[in-house]
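Biologist: Please give me a close look at one part of this model, and tell me how far I can trust the coordinates around it.

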Amino acid sequence: MYVCICEYGTAFVLNLCCRIIDEATKEGAAVDPVEPDKVLGVAKENGVELKSVLTTHHHWSVRFLASSDFLHFHCVIQICGFTFMYVVHDTDACTYDRDHAGGNEKIKELVPGIRVYGGSLDNVKGCTNKVENGDRLSIGKDINILALHTPCHTKGHISYYLTGKAEEDPAVFTGDTLFVAGCGKFFEGTAEQMYQSLCVTLASLPKPTRVYCGHEYTVKNLQFARTVEPENAKIAHKLSWAQHQRQTGLPTIPSTIEEELETNPFMRVDLPEVQEKVGCKSPVDALREIRQRKDNWRG
């Protein structure tokens, strides 16, 4: 994978290009494009024609406190000639305000006819095409997208699972359901739903699947994960790596499903030793307990 960092003032543009690229196809889709102008600017610079928007959920995104203090990453992921624009928010310098779908209406104005996908159970702003669990999209020559209903953070949350050519690793865009080493708050659902979303639906994806989540919470998530499993060497190693990434102005995303199964306490609740550490006897109870601890953690 080729990674190119381009600087725009104090923000960075991160281009992630997979090894197998059909340069003849320059179609694009945006995932939760809160800032359409910037996403379209990056698309134009890369010769990409934006065709679609994939909205993970209706819930909040972020508002800048000061643009000079805010890092966000526009990622261009090219797989088999189909290019995905992906936006990662760093919330160290922002407050919750705007919806993940907050840019949909604006992008529809800027790109007439663009398709905006969103979960059928969520009230997604600007949605033109509602999707449900198991719905399949086919864009470009080689990209297939499977909609996965991953509720709890919101009742209609959708994760998008992408596959390309056989030799390429797949990818999944998990919004606010699965973070690197963490998960979203249970705003509209239950621990039972989050267990199904994380430990059944997402955990069943191939282990090399690259995980692209909605926010840059990795360092704090891993610091909390160490309170659950202080002897887990893989958590300690990834925390050290993540801290270095952030200190050098780079994102910690993507992760992989395999890494999450090794380091994410919310995806490790099936393990008896994890249940024991939090005083529970079932995976769902352990997940609920770990989420409550995380909500109250001030590390």
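Modeller: Confidence comes before detail. Over residues 89-97, pLDDT (the predictor's confidence in each residue, from 0 to 100) stays under 50. The model still has 33 contacts there beyond four places in sequence, a contact being heavy atoms within 4.5 Å. Residues 1-24 also stay under 50, with 73 such contacts. Where pLDDT is low, predicted coordinates should not be read in detail. For the chain, the mean pLDDT is 81, and 78% of residues reach 70 or more.

This is a predicted model: local features need pLDDT of at least 70, side-chain atom pairs count only at pLDDT 80 or more, and totals for chains, interfaces and linings use all residues. Residues are numbered from 1 along each chain as its sequence is written, and side-chain values use heavy atoms, leaving out hydrogens and water.

Now the part itself: an open, mixed sheet. Its six strands run in the order S11-S12-S13-S14-S17-S18. Strands (E, at least two residues) and helices (H or I, at least four) are DSSP runs, numbered from the N terminus. Two strands pair if DSSP finds at least two bridges between them. S11 (136-139) and S18 (255-256) are the edges; each has a single partner strand, so one side of each lacks a neighbour in the sheet.

Start at the S11 edge. S11 pairs antiparallel with S12 (residues 143-149) over four bridges. Ser138 faces Asn144 of S12 across the pair. Three residues separate the two strands of this hairpin, and Gly140 takes a positive phi near 75°.

In a regular strand, side chains alternate between the two faces of the sheet. S11 shows this alternation. Leu137 and Ile139 point to one face and are buried, meaning under 20% relative accessible area (exposed is over 50%, partly exposed in between; 1.4 Å probe, protein chains only). Arg136 and Ser138 point to the other face and are not buried.

Further in, S13 (residues 158-163) and S14 (residues 171-175) run antiparallel, joined by three bridges. Tyr160 stands opposite Phe173 of S14.

Last, the cysteines. With a disulfide taken as a pair of cysteine sulfur atoms within 2.5 Å, the count is zero. Cys152 is in none; its nearest cysteine sulfur, in Cys183, is 7.2 Å away. Cys152 is buried, at 0% relative accessible area. The sulfur of Cys199 is 9.0 Å from its closest cysteine sulfur, also in Cys183, and that is too far for a bond. Cys199 is buried as well, at 12% relative accessibility.
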